[in-house]
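User: Please take a close look at the backbone of this model, and in particular at its unusual peptide bonds and phi angles. Where do they fall, and in what surroundings?

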Amino acid sequence: MTKHFNTYSEPNRIAEAVEALAELTEPQRPFTRLVFSPEFSRARQWLQERFEAAGLECQIDAGGSLIGTRKAPAASESPGKIIIGSHVDTVPAGGRFDGIAGVVAGLEAIHFLNAQRIDLPFDLEIVDFLGEELNVWGTSCLGSRHMAGLLTDDILDRVDQDGRRLGDEIERIGGTGKPASGPRPDAQSILACLELHIEQSDRLETDQIDIGIVTDIPGISRYSITVTGSAGHSGTTRMEGRRDALVTASDIIMTAREIARSIAAQDNRHFVATIGRIEVYPNGAATVPGEVKMILDLRASNEHSRDMFMEQLHAASLETSRRESCDVGIERISEASVAHMDDALRQRLARSADHLGLSHINLSSGAGHDMAHMSRIAPSAMIFIPCKGGLSHCPEELTTPDAIARGSAVLIRTLLDMAG
Ligand code: HGY
Ligand code: MN
Ligand code: MN
């Protein structure tokens, strides 16, 4: 039986593109393509060749994102533009589909329009947003933040442990390395920003639903937590009176989990908190730990829950610090409010899925995405496709070419719908 979505998108071509990009990884740590890495540059080159072969005009914008544009016919009166984008950078030992599926879906739209010789009455931009994943400079979504005018000087001046300044790295791959003075100058003419992404959770797979239509992307806040005690000889420092920074940090980690559990249980919208990065100094087996640095990653659709969590964490940390005679410092690194996806675009996406006979549900995103920042400057929306077991940010991440083709067909139908 011909699958209706095959009219729009070709799973074999999708599989070939995904496999080609999967080759561009650190060989000893698949699948790893960190922003600014040699693998990343090779992926950019591969992408630019595919964009050009599909007739797109390519440029690297000021923020370092790769943009392939299919222009509206010259006769179109002040055409607006629609953006379809995602990202090809990965986390360390990540997957083959997080971000990549969305860029490949954008190319599928171009192939369909070219094959059908359809001219849209607006420009269509296919975008690989620079550095969507959290990086060593502590900031994710570099390209979309820049487009939204949110990539500031203090972020660009950050230097990693090898002395690489973020602004210089952006300049090295073709951006200006300078902060944007505001949203991209043509933001007013952006009719829509659309992104296809794997769900990175298991709701669609469990409920056997083809398409997720994203309602909102939780606000991501990140804090550094520093615990300072006294390093000492593990053999001679009596148990009484120790100022063990790691014991204190462990108490804070457990308390953070308890507070997050109780808030998540009361909040019917998305709330999670994770301490996933910890550094112990001097980290010697024969030394009582003197200092611990941790990163707290907090995701909340409801800002009241976020504020309540931080209030309770501060209070609990103060109590722990007194009991353990260690100092505890909590500093905010970044904060973003919840991003609501555009209602009218969500309805168009739902209509497109219906037209294609695809099942769909509304759901909130647990992960952060470029559309969170693009939604600050233009109507933005996302669709999710199922992924195996909801796994992501690991080599086992898996979805199928058919699932990407189904999602691509929804994007293509929506473009045709918007073209009238
Ligand atoms: O961290 C995130 O949520 C996304 O994968 N960058
Ligand atoms: Mn992603
Ligand atoms: Mn990711």
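Analyst: What follows covers the cis peptide bonds and then the positive phi angles. The model is predicted, and the angles below are computed from it.

Cis peptide bonds come up at two sites. One joins Pro 30 to Phe 31, with an omega of about -10 degrees. Phe 31 sits in a loop that runs between helix H1 (11-23) and helix H2 (38-53). The other cis bond leads from Tyr 281 to Pro 282, where omega is near -5 degrees. Pro 282 belongs to the loop between strand E10 (271-281) and strand E11 (287-288).

Positive phi angles come next. Ser 325 is not a glycine, yet its phi is positive, at about 50 degrees. This serine is placed in the loop that links helix H9 (303-324) with strand E13 (327-335). Ser 325 has a relative accessibility of 40%, so it counts as partly exposed, the class that lies between buried, under 20%, and exposed, over 50%.

His 393, also not a glycine, has a positive phi of about 60 degrees. Its loop lies between strand E16 (380-385) and helix H12 (401-418). With a relative accessibility of 40%, His 393 is likewise counted as partly exposed.

To put the sites together: Phe 31 is in a loop between two helices, H1 and H2, and Pro 282 is in a loop between two strands, E10 and E11. Ser 325 is in a loop between helix H9 and strand E13, while His 393 is in a loop between strand E16 and helix H12.

Conventions. Residues are numbered from 1 along each chain as its sequence is written. Chains are lettered from A and ligands numbered from 1 in the order in which they are written. This is a predicted model: local features need pLDDT of at least 70, side-chain atom pairs count only at pLDDT 80 or more; totals for chains, interfaces and linings use all residues. Side-chain values use heavy atoms; hydrogens and water are left out. Helices (H or I, at least four residues) and strands (E, at least two) are DSSP runs, numbered from the N terminus. Buried means under 20% relative accessible area, exposed over 50%, partly exposed in between (1.4 Å probe, protein chains only).
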